[in-house]
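Me: I'd like a close look at one part of this protein, and then how that part fits with the rest. Here is the model I have open.

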Amino acid sequence: MMNLKQYQPILSLLLFSALTLLVHKCFMYVIGLDQLESQFVYALPRLYAFFFLLSAVILFILIKVNQASSTHVGLTFILLTTFKMGVAYIFLKPILHTNLPHSGFEKATFLIVFLLFLATETLLTIRIINNKQ
């Protein structure tokens, strides 16, 4: 039977994603920009789902690499994060090519979500590296 405890970082990521999305939606509602989201190229749930899936795949691969050879986790993280940045740029392109009044806010939102997931991935990767199994 497989050890589910080793997949704790992915569960933590899921919890982080759900809570952050909820806070983000509430923040947009409080500042009165919740109606603006309907004009975004990507609605917040779609944006969070995109970054969650990329991060979950990265964490899953890192867990597997850690099982095989813990000395390669850091390099694998750097390579996968670089690949993720490329994929995120492709995902960002439609936002970059819009010239609507809200496009600056949407670009900032995309960057904030990207950075939140990058920071969380980094912290969870550190946990994977420091976890002596």
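Me: Which residues form a nonpolar patch on the surface, and how much accessible area do they have together? Please start there and work outwards.

Reply: Keep in mind that this is a predicted model. The nonpolar patch on the surface is made of Phe27, Tyr29, Val30 and Ile31, and together they have about 460 Å² of accessible area. Val30 belongs to helix α1, and with a relative accessible area of 68% it is exposed.

Now for the helix itself. α1 runs over residues 8–30, and its end C-alpha atoms are 33 Å apart, which agrees with the 33 Å its 23 residues should span at 1.5 Å a residue. After α1 comes Gly32, with a positive phi near 85°.

The covered side of the story is a longer list: Pro9, Ile10, Ser12, Leu13, Ser17, Thr20, Leu21, His24 and Met28 are the buried residues of α1. As background, an α-helix has 3.6 residues a turn, so residues three or four places apart point the same way. The buried residues of α1 pack against α2 and α4.

There's also a salt bridge to look at here. Lys25 pairs with Glu37, and their closest N and O atoms are 2.9 Å apart. Lys25 sits in α1 while Glu37 sits in the loop between α1 and α2, 12 residues apart, so to speak a link between distant parts of the chain. The two ends differ in cover: Lys25 counts as partly exposed, at 34% relative accessibility, whereas Glu37 counts as buried, at 8%.

A search of the whole structure finds 2 salt bridges, and the other pair is worth a visit. Glu121 and Lys84 meet through their side chains at 2.4 Å, N to O. This pair also links distant parts of the chain, with Glu121 in helix α4 (residues 103–130) and Lys84 in helix α3 (residues 73–96), 37 residues apart. Glu121 is buried at 0% relative accessibility, and Lys84 is buried too, with a relative accessible area of 1%.

Staying with α4, this helix has 28 residues and reaches 40 Å from its first C-alpha to its last, close to the 40 Å expected. Its buried residues include Phe110, Val113, Phe114 and Phe117, along with Glu121. They pack against α1, α2 and α3.

That brings us to the inside. The largest nonpolar core has 34 residues, and those with the most contacts inside it are Leu13, Leu47, Phe51, Leu59, Leu62, Phe110 and Phe117. Each of α1, α2, α3 and α4 supplies at least two residues of this core, and α2 gives the most, with 13 residues. In general, nonpolar side chains tend to be buried together in soluble globular proteins.

Phe51 is a handy place to zoom in. Leaving out residues up to four places away in sequence, Phe51 touches Lys84, Ala88, Phe110, Val113, Phe114 and Phe117. Lys84 in that list is the salt-bridge partner of Glu121.

One last stop is Leu53, which is in helix α2. Leu53 is exposed, with a relative accessible area of 53%. Leu53 and Leu13 are 40 residues apart in sequence and 9.9 Å apart in space, C-alpha to C-alpha.

Conventions:
Residues are numbered from 1 along each chain as its sequence is written. This is a predicted model: local features need pLDDT of at least 70, side-chain atom pairs count only at pLDDT 80 or more; totals for chains, interfaces and linings use all residues. Side-chain values use heavy atoms; hydrogens and water are left out. A salt bridge is a side-chain nitrogen of Lys or Arg within 4 Å of a carboxyl oxygen of Asp or Glu. Helices (H or I, at least four residues) and strands (E, at least two) are DSSP runs, numbered from the N terminus. Buried means under 20% relative accessible area, exposed over 50%, partly exposed in between (1.4 Å probe, protein chains only). The expected span of a helix is 1.5 Å times one less than its number of residues. Contact means heavy atoms within 4.5 Å. Patches are made of residues with over 30% relative accessible area and no salt bridge: like charges are joined within 9 Å, nonpolar side chains (Val, Leu, Ile, Met, Phe, Trp, Tyr) within 5 Å. Accessible areas come from the Shrake-Rupley method with a 1.4 Å probe; for residues, only the protein chains shown count as cover. A nonpolar core is a set of buried Ala, Val, Leu, Ile, Met, Phe, Trp, Tyr and Cys residues joined through side-chain atoms within 4.5 Å.
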